[in-house]
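User: I'm new to this one and would like a close look at a single part, the sheet, and how the rest of the chain sits around it. Could you walk me through it?

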Amino acid sequence: MKIGILMCGAFPENLQELMGNYDVMFQSLLGGQDFTFEMYSVFENQFPDSVEDADGWLISGSRFGVYDDVDWITPLEDFVRE
C-alpha cells in the first residue's frame with residue numbers, strides 16, 4: 001500500500017538534526033507494515049498529480065492555519081475535498 005505524505009511544514013532545523021522531519025516520523029511510526037511512502041512538500045507548492053497517486057494520505061502538522069494567507073492552502077483544501 002502506498003501512503004502519500006502531504007508536508008504542510010517542517011520541523012525547525014535543530015529538531016530535524018535530532019529526529020528528522022514529519023516524513024521520517026510517519027515512516028518510523030508506520031514502518032514494518034508493508035507500506036511504501038512518497039512525500040510531497042505542499043507548503044512549497046509540490047503537490048501530487050492526482051488523489052489516485054496513493055492509496056492513503058497523511059497530512060503533517062504546520063505552523064500555518066487554514067485561514068492563513070499562504071498560496072498553498074487553497075490547493076490543499078481542493079485536494080482534500082477531491
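Analyst: Let's start from the outside. The protein chain exposes about 5,500 Å², and carbon and sulfur atoms supply 49% of that area (areas come from the Shrake-Rupley method with a 1.4 Å probe; for residues, only the protein chains shown count as cover). Keep in mind that this is a predicted model: local features need pLDDT of at least 70, side-chain atom pairs count only at pLDDT 80 or more, and totals for chains, interfaces and linings use all residues. Residues are numbered from 1 along each chain as its sequence is written, and side-chain values use heavy atoms, with hydrogens and water left out.

Now the parts list. The protein chain has 3 helices and 3 strands (DSSP runs numbered from the N terminus: helices are H or I with at least four residues, strands are E with at least two). Following the sequence, you meet them in the pattern β-α-α-β-β-α. The radius of gyration is 13 Å, close to the 12 Å that the globule rule gives for 82 residues, so the protein chain is as compact as a globular protein of that length (the radius is taken over C-alpha atoms, and the rule is 2.2 Å times the number of residues to the power 0.38).

On to the sheet itself. Strands of a sheet pair through backbone hydrogen bonds, either parallel or antiparallel. Here the sheet is open, with 3 strands in the order β2-β1-β3 and parallel pairing (two strands pair if DSSP finds at least two bridges between them). At the edges sit β2 (36-41) and β3 (56-59), each pairing on one side only. From one strand to the next, the twist averages 25° (axes are lines fitted to C-alpha atoms, for helices over the stretch in contact, and angles run from 0 to 180 degrees between N-to-C directions).

Zoom in on β1, residues 2-7: this strand and β2 pair in the parallel sense over 6 bridges. One spot to find is Ile5, whose bridge partner in β2 is Met39.

What lies across the strands? Helix α2 (residues 22-30) lies across β1, β2 and β3, running at about 150° to β1.

Stepping back, residues 24 or more positions apart account for 68% of the protein chain's contacts with a separation of 6 or more (contact means heavy atoms within 4.5 Å). Buried residues make up 30% of the 82 residues (buried is under 20% relative accessible area, exposed over 50%, partly exposed in between, with a 1.4 Å probe and protein chains only).
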